[in-house]
Structures are given as structure tokens and as C-alpha cells.
Amino acid sequence: MPGDPTLADLAPDQRLRRLELTVTRRLDGLLHGQHRGLLPGAGSEIAGSREYRPGEDEVRRMDWAVTARTTVPHVLEVDADRELTTWLLVDASPSMEFGTAELDKRELAVAAVAAVGFLTAGAGNRLGALLHGPAGLRRFPPRSGRTHLLGLLRALLAAPRVGEADPADVPPGAPLADGLAAVGRVATRRGLIVVVSDFLDALPDDPAEPPPWEAALRRLAVRHQVLAVEVTDPRELELPDVGLITLVDPESGRRREVWTGDPRLRERYAAAAVAQREQVRQVLRRCGATHLPLRTDRDWCADVVRHVHAQRRLTLAPARGAGATPRAAGGTGPGPRAEARSGGAA
């Protein structure tokens, strides 16, 4: 469609390439605070064992425990050390097709993926994704490099849309809980999990009742650092006075005619929207996920930059309170931390 945002519009790496997401949770393969390249050699992360091949394998790599148990010579298999593996779960459900500003929610989700890709880029870092839509889950294996990131963004932009079709004809997709469970199965090493969604999937009317995806998100947050990117549109938060309109639920196809000229109706709508977003915020907080809200009518890039700097200040606050000098990014202090570089411009 003419006027749709291009990949260059949604991936302004010039504004993000000097930033880096703050990662404070323990990671598998992190080089003790030096968020740099790979260790020299073939690697040091044990990945299993296999039978010894005379003339090919080094004797010093023998797995003596397995050899003694099986009476067959075995050697250790190792993986190259990875600094950070990031998995993205991108919501492509029908509700993400909605938008009344410069971007719709799905395009903003692609922009968020671009931001995460640039913020976590680095030697040895890998980025994988699961696209969660009506057709099920589509997996993009974790790889490193700018070419992989741009290919992932193009695939997300080119994914089939369901917004133009009759919602009643759209097949029901996998619930968000299934997508979160799938991420838990593929993210075998501790790292960063980023969930990009509007989090409206099966949200209960009673705020005290947990949504069905809360348990899966909580399990992810136990092992990984989780960033929840909540995508919203201004029309989801307030109803304009435009007369008689027909509202359609993109998930179920239900329709209802509404007279927006009633000020009490608009007030109830706004209050319900605020309560709904507060419900999502409380659920994410209970799960231990970091919350990054993005709106289609705001400068999302500036919001991401502010979030990164705010997380960095929170990370450094305990050290400053204790009188310690904050370690510069890329320094050699102890602790598995990938700090945000302070050279970014909003």
C-alpha cells in the first residue's frame, strides 16, 4: 500500500547503534563482565559427548566419565562462547493489525524488533525470533550479524496480514501462553527474552484473576531476563466524538454499533481502558518482567532511548549509594553485566 512505512523508516539504526540494553541477569557464556568477543579456540561451553575418532580428536578432550561408564572412548563436544542470546516473541494476532496513527501496532512491533536487534548487536551475540500469529508459530533460528537482523525485519513486514479479511474468516491462532511456552523450549541457555505484544490475549474482566499467559511468562522470568514491550494505539485508550460508529472485535469478529456523542460513554470507555492497561502492568510486574510501553502516536525511538537510560540508572544506583565508582561500559569489573553506552541521542 502506498505510504506504508519502509524498513528504513522502522529501523533507524543511527539513533540506536550507540546504545546497548542493560542485562543484569546471569547469562550462559558471558565473559565475566567483559561484554566483548569470543574466547579464543573452539569454545569452552560443554554441549555433550560423542565417540572418540582416532586421528581427528585430541586426547586432552576425552570425557573420562562417559568413557568409563560406556567402556567406549568419548570426547567432550563444546560450543563457542556466546555473549548474549536474545529470543523475541512477536505477536502477529489480529488485534495487532489495528492502528490510527502514523504506524499500526504491527508496524510498531517490527520497529521494536529493530530496536532490540540494534541494542543487542555485538560480537558473538545472537538474535532469534518466534512469530506468533493466526497461522501458528514461525521460528527464526538465532544468528548474529546485521544481515540476519535485516532479513528478520523483512520477513516480519512481509508476513501475511489478516486485518483486511473478515475477522470471522480468520482461523483462531495459538494463544499467547503457547507462544511463551514455545520460547521456553527453544531458549535453552540463559539470556534475554523480549515479548512484543498488546497483551490483550484472553485478558480477564476481573483484575484479580490472572490471565492464562501469566504462568508461562513467570516461568520464563525465573531463568531469563524478560523485557515486555507493550504496544498500544491512542484509540484504544480514549474514544473520540465521531458520531455513530461500528466497533469490530478483531479476534472474535463481534460487531457493535456505538454512539460516541455520549460523553458518559466516552468517560466509561477511558476509565475501562486505564484499568485494563493497569491490569497488564500489574501482571508484568508480578512476573518480574521489565515493562516498556510504546504507542503508535509517539516517537517510539525516543521512548526506547529513555527506557535504556532509565534502566542503566537503576542498575548503577546501588553502586553509587555504596560509594563505589560506576564501571564504564566495556570495563573489566566482576559481574555479568552488559551496560548501556551513554553516547546515544534521543
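## L294 and its surroundings

L294 touches nine-residue company from elsewhere in the chain: L108, A112, V229, E230, V231, T232, W300, D303 and V304, leaving out residues up to four places away in sequence. The model is predicted. L294 lies in strand β10. Its relative accessible area is 0%, so L294 is buried.

One of these contacts spans a long stretch of chain. L294 and E230 are 64 residues apart along the chain. Their C-alpha atoms are separated by 6.0 Å.

## The protein as a whole

The protein has 9 helices and 10 strands. It has 346 residues, and buried residues make up 45% of them.

Consider the contacts between residues at least 6 apart in sequence. Of these, 75% join residues at least 24 apart.

## Two nonpolar cores

In soluble globular proteins, nonpolar side chains tend to be buried together. Here the largest nonpolar core has 40 residues. L294 is among the residues with the most contacts inside this core. The others are L88, V194, V229, W300 and V304.

Several elements give two or more residues to this core. The strands are β3 (85-91), β4 (126-133), β6 (192-197), β7 (225-232) and β10 (290-295). The helices are α4, α5 and α9 (300-321). Helix α4 gives the most, with 11 residues. A second, separate core has 25 residues. It includes L176, I193, V195 and L284.

## The open sheet

Six strands form an open sheet: 6 strands in the order β5-β4-β3-β6-β7-β10. The pairing is mixed. β5 (136-143) and β10 stand at the edges. Each has a single partner strand, so one side of each is left without a neighbour in the sheet. On average, neighbouring strands are turned by 15 degrees against each other, direction ignored.

Helix α6 (residues 176-186) packs on this sheet. Helix α6 touches β3, β4, β5 and β6. Its direction makes about 165 degrees with that of β3.

## Inside the sheet: β3, β6 and their partners

Strand β3 is largely enclosed by the rest of the structure, because 7 of its 7 residues are buried. Both faces of β3 are covered. T85, W87, L89 and D91 are buried on one side. T86, L88 and V90 are buried on the other.

β3 runs parallel to β4, and 7 bridges join the two. T85 stands opposite R126 in β4. β6 and β7 also run parallel, joined by 6 bridges. V195 stands opposite A228 in β7.

## Helix α4 against helix α5

Helix α4 (residues 105-119) and helix α5 (residues 146-158) have axes that come within 10 Å. The axes cross at roughly 170 degrees. Angles over 145 degrees count as roughly antiparallel, so α4 is roughly antiparallel to α5.

From α4, the contact uses R106, V110, V113, A114, G117 and F118. From α5, it uses R146, L149, L152, L153, L156 and L157. By class, these residues divide into 9 nonpolar, 1 polar and 2 charged.

## Helix α7 against helix α8

Helix α7 (residues 214-223) and helix α8 (residues 263-287) have axes that come within 8 Å. Those axes cross at roughly 40 degrees. α7 and α8 are therefore oblique to each other.

E214, L217, R218 and A221 make the contact from α7. V283, L284, R286 and C287 make it from α8. The contact has 5 nonpolar, no polar and 3 charged residues. L284 also belongs to the second core.

## Q279, a buried residue in α8

Q279 has its place in helix α8. Its relative accessibility is 7%. The cut-off for buried is under 20%, so Q279 counts as buried.

Leaving aside neighbours within four places in sequence, Q279 is in contact with L203, P204, D206, P207 and E209. Q279 and A208 are 71 residues apart in sequence. C-alpha to C-alpha, they are 8.6 Å apart in space.

Technical notes. Residues numbered from 1 in each chain as written. Predicted model: local features only at pLDDT ≥ 70, side-chain atom pairs only at ≥ 80, totals over all residues. Heavy atoms only, no water. Axes fitted to C-alpha atoms, helices over the stretch in contact; angles between N-to-C directions. Helix = DSSP H or I, 4+ residues; strand = E, 2+ residues; numbered from the N terminus. Parallel < 35°, antiparallel > 145°, perpendicular 65-115°, else oblique. Contact = heavy atoms within 4.5 Å. Nonpolar A, V, L, I, M, F, W, Y, C, P; charged D, E, K, R; others polar. Core = buried A, V, L, I, M, F, W, Y, C linked by side-chain atoms within 4.5 Å. Buried < 20%, exposed > 50% of the residue type's maximum accessible area, 1.4 Å probe, protein only. Pairing = 2+ DSSP bridges.
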